[in-house]
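Please load the model in the viewer and keep the sequence panel open beside it. The tour below proceeds by selection, one stop at a time.

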Amino acid sequence: MNSIIEVKNLGKKYAISHRSGNYLALRDVFANIIKSPLKFLQKKIGDVTKSNLKEEFWALRGVNFSIDRGEVVGIIGSNGAGKSTLLKILSQITPPTEGEITIKGKISSLLEVGTGFHPELTGRENIFLNSAILGMSRKEIPKKFDAIVEFAGIEKFLDTPVKYYSSGMYVRLAFSVAAHLEPDILLVDEVLAVGDAEFQKKCMGKMEETSKSDGRTILFISHNMTAIRNLCKRSILLDKGKVVMVGNTEDVIEHYLSLAQADQKSLYEFTPQVTPASINRLGIIDNDGTHKSELSVGENFCMKVEFTCSTKVQKAVLAILFYSPDRDLLLYSTDADSSGEAKDYDEGNYSATIKIPSFLFNIGKYSFDIMLCTPNVGKYAEQKGLGFEIVDTNNPRSELFWRNHPGKIMSRLDYKIEKI
């Protein structure tokens with residue numbers, strides 16, 4: 001056998017504490033102690049007792065697979081399936097709870113946009129810093145510097161602090177550094193979704209080139225099924241921390257899409273997450289306010305979203321992404337104003353209504369992701385892989401107006417967000 005990665009009975013367990021009560025500022029704590037010290041002590045004893053109530057959550061359990069040298073393998077699955085946890089374990093960012101992993105070779109990881117970048121440093125300085133963090137030697141960095149800059153396409157902004165970079169520029173520079181490390185194994189999470197279509201194509205070509213000419217092994221996580229099809233001959237499907245299927249990419253994708261399409265709802269309710277924010281409830285409603293998962297061609301509808309900020313979230317946007325049945329990006333929109341300025345959200349509960357115009361979608365099943373995030377920084381709350389269906393009503397205008405242009409971006413939808 002020529003296996004470069006072997007995973008046997010891999011498991012990763014987390015302990016989730018269940019605590020009640022809202023966040024208190026330090027001044028409130030002191031005020032409570034002074035006003036009623038006995039009551040405060042009783043409450044703290046109760047909190048300690050409740051904090052012992054912990055739930056075991058297995059992000060991965062009983063995972064087994066092997067990957068041969070030079071293979072390009074896709075890892076797919078819905079949000080929370082354990083994909084990113086798996087790559088973090090393989091990258092030795094977090095240790096497994098159980099199981100055995102055998103890796104033969106040097107690993108390079110591209111797991112999150114801008115990981116290892118310092119916002120106050122320039123692009124030039126961050127190339128040296130990030131390359132060193134990822135294991136490139138002091139002699140190698142100057143030799144590959146020009147190639148990294150050329151591939152990233154950031155020559156004009158090389159001496160600009162990266163805190164002023166767009167998320168696309170971040171990911172271009174991060175991928176370029178990782179791609180020029182020449183590792184035996186390259187682990188790529190879903191960061192390429194941030195880049196534009198031209199750069200994504202460039203990255204795909206680079207990964208394909210390195211796998212074929214240099215014999216490198218690539219593990220690639222993506223929700224873009226077209227990218228998985230084009231790059232990976234074999235794929236792994238994860239669901240709720242377990243391997244559901246390993247095999248030919250086309251067969252694995254077909255099985256994944258059949259599972260995803262079966263879970264279409266008009267109303268989604270989510271378990272509240274930890275700070276700083278969580279998406280609690282999401283409904284698909286028509287003009288009459290009726291929840292629907294099945295809509296007619298040309299029918300106006302809205303996404304009704306309820307989310308909570310448990311602390312102040314600065315410079316954030318509420319973003320929604322719509323995908324075709326094959327998970328090709330059709331539309332990306334945020335609540336940023338016309339100048340692209342993000343907003344500050346104070347602590348509290350919010351309700352957002354996003355109006356979706358008529359005749360936007362043709363007949364078929366679609367999915368969407370929704371998230372509260374700060375560009376170039378990260379995601380505060382996210383729900384992915386939600387779905388709805390557009391059905392035929394013999395409407396003569398049942399044409400998707402960008403049907404032949406996958407990846408088209410519509411920058412503005414009508415958002416109404418209020419504190420509740």
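Which residue just after α5 takes a positive phi? Select Gly 153: its phi is about 70 degrees. The reader should bear in mind that this is a predicted model.

Next, select helix α5 itself, residues 140-152. Its 13 residues, at 1.5 Å a residue, should span 18 Å, and the end C-alpha atoms are indeed 18 Å apart, so the expected and modelled values agree. Centre the view on Asp 146, where α5 has a kink of about 35 degrees. Then colour the buried residues of this helix: Ile 141, Lys 144, Phe 145, Ile 148, Val 149, Phe 151 and Ala 152.

Two of these residues, Ile 141 and Ile 148, lead to the next stop, since Ser 131 touches both. Select Ser 131, which lies in helix α4 (residues 123-133). Its relative accessibility is 0%, and it therefore counts as buried, the cut-off being under 20%. Show its side chain, which reaches the backbone oxygen of Ile 127 at 2.6 Å. Leaving aside residues up to four places away in sequence, Ser 131 also touches Asn 126, Met 136, Val 177 and Leu 181.

Finally, move to Cys 232, in the loop between α8 (225-231) and β8 (234-239). Is this residue buried or exposed? Cys 232 counts as buried, because its relative accessibility is 3%. Display its contacts beyond four places in sequence: Val 72, Val 73, Gly 74, Phe 220 and Thr 249. To end the tour, place a distance label between the C-alpha atoms of Cys 232 and Glu 250; they are 18 residues apart along the chain and separated by 9.5 Å.

Methods: Residues are numbered from 1 along each chain as its sequence is written. This is a predicted model: local features need pLDDT of at least 70, side-chain atom pairs count only at pLDDT 80 or more; totals for chains, interfaces and linings use all residues. Side-chain values use heavy atoms; hydrogens and water are left out. Helices (H or I, at least four residues) and strands (E, at least two) are DSSP runs, numbered from the N terminus. Buried means under 20% relative accessible area, exposed over 50%, partly exposed in between (1.4 Å probe, protein chains only). A polar contact is a pair of N or O atoms within 3.5 Å; within protein, one must be able to donate a hydrogen and the other to accept it, and residues adjacent in sequence count only if both atoms are side-chain atoms. Contact means heavy atoms within 4.5 Å. The expected span of a helix is 1.5 Å times one less than its number of residues. The bend at a residue is the angle between axes fitted to the seven residues ending there and the seven starting there.
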